[in-house]
Amino acid sequence: LSVTSVEDPVIMSKIRQNLREKHARHIADLRAYYDSEIHSLKQQLEASHKTASSEDLKKINQNLADRCEQLDAALNEASARIKALENKNNVLEKQVADWRERFYAASNTSKVLQERIEEMRTSNKDKDNTISRLKSRLKDLEEALEKAYKLSDNKNTRLKEENKMFQNLLGEYESLGKEHERVKDTLNTTENKLLDANTQISDLKR
């Protein structure tokens, strides 16, 4: 069965109906065959009663009895096989329903993971832009500090304030850098989960 057939309840209903019709025709054919056999044996018995002796009748009756036992055993065997096929069909239907649920669950998990990855990538991109801006500001401050040192040695107070700003900005930059690394690790973990989910989906499809 293809995945499309498994997902389509109409197709599954038709398959079950076809199986039931096939079993019904099989039983009807067996019944018609055995009815024909019994009718033929009755005709033979009636014909033999007209011409045969007592010993011959006993022998014919015994043969007919043996034949009836054989037919009865064959009918019981056929009925048992049909019952076994019906039980196997029920088991297969339960397996198909279980596989369908597992497939849907894996698909939903994959979809959720994909959405989380996209959100994390967007967040990671924003943090990259923020870090780039901080780097640019840090560079500007370094250049400003360097110019300030060159212009005057008497502006210690201003330099201390700018240095304090520089240290604060550097701390902010390091904090964002750590957050950026943590987000990258989380993104890698989520991508691995997505890969496992896609692998499970591929196995279920096969």
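The paragraphs below go through the confidence of the model, the packing of two helices and an aromatic pair.

This is a predicted model, in which local features need pLDDT of at least 70 and side-chain atom pairs count only at pLDDT 80 or more, while totals for chains, interfaces and linings use all residues. Residues are numbered from 1 along each chain as its sequence is written, and side-chain values use heavy atoms, with hydrogens and water left out.

The protein has a mean pLDDT (the predictor's confidence in each residue, from 0 to 100) of 80, and 91% of its residues reach 70 or more. Among its elements, the lowest mean pLDDT, 50, belongs to helix α1 (residues 3-7), and the highest, 85, to α3; helices here are DSSP runs of H or I with at least four residues, numbered from the N terminus. Where pLDDT is low, the predicted coordinates should not be read in detail.

Helix α3 (residues 54-151) packs with helix α4 (residues 156-205) at an angle of about 160 degrees, their axes lying 7 Å apart, where axes are lines fitted to C-alpha atoms over the stretch in contact and angles run from 0 to 180 degrees between N-to-C directions. That makes α3 roughly antiparallel to α4, a term for angles over 145 degrees.

A search of the whole structure finds one aromatic pair. The ring centres of phenylalanine 103 and tyrosine 104 are 6.1 Å apart (the limit is within 6.5 Å), and their planes stand at 55 degrees, so the pair is tilted, meaning neither under 30 degrees, which is stacked, nor over 60, which is edge-to-face. Phenylalanine 103 is buried, at 13% relative accessible area, whereas tyrosine 104 is partly exposed, at 37%; buried means under 20%, exposed over 50% and partly exposed in between, with a 1.4 Å probe and protein chains only.

Note on methods:
Helices (H or I, at least four residues) and strands (E, at least two) are DSSP runs, numbered from the N terminus. Angles under 35 degrees count as roughly parallel, over 145 as roughly antiparallel, 65 to 115 as roughly perpendicular and the rest as oblique. Rings of Phe, Tyr and Trp (its six-membered ring) pair if their centres lie within 6.5 Å; planes under 30 degrees apart count as stacked, over 60 as edge-to-face and the rest as tilted.
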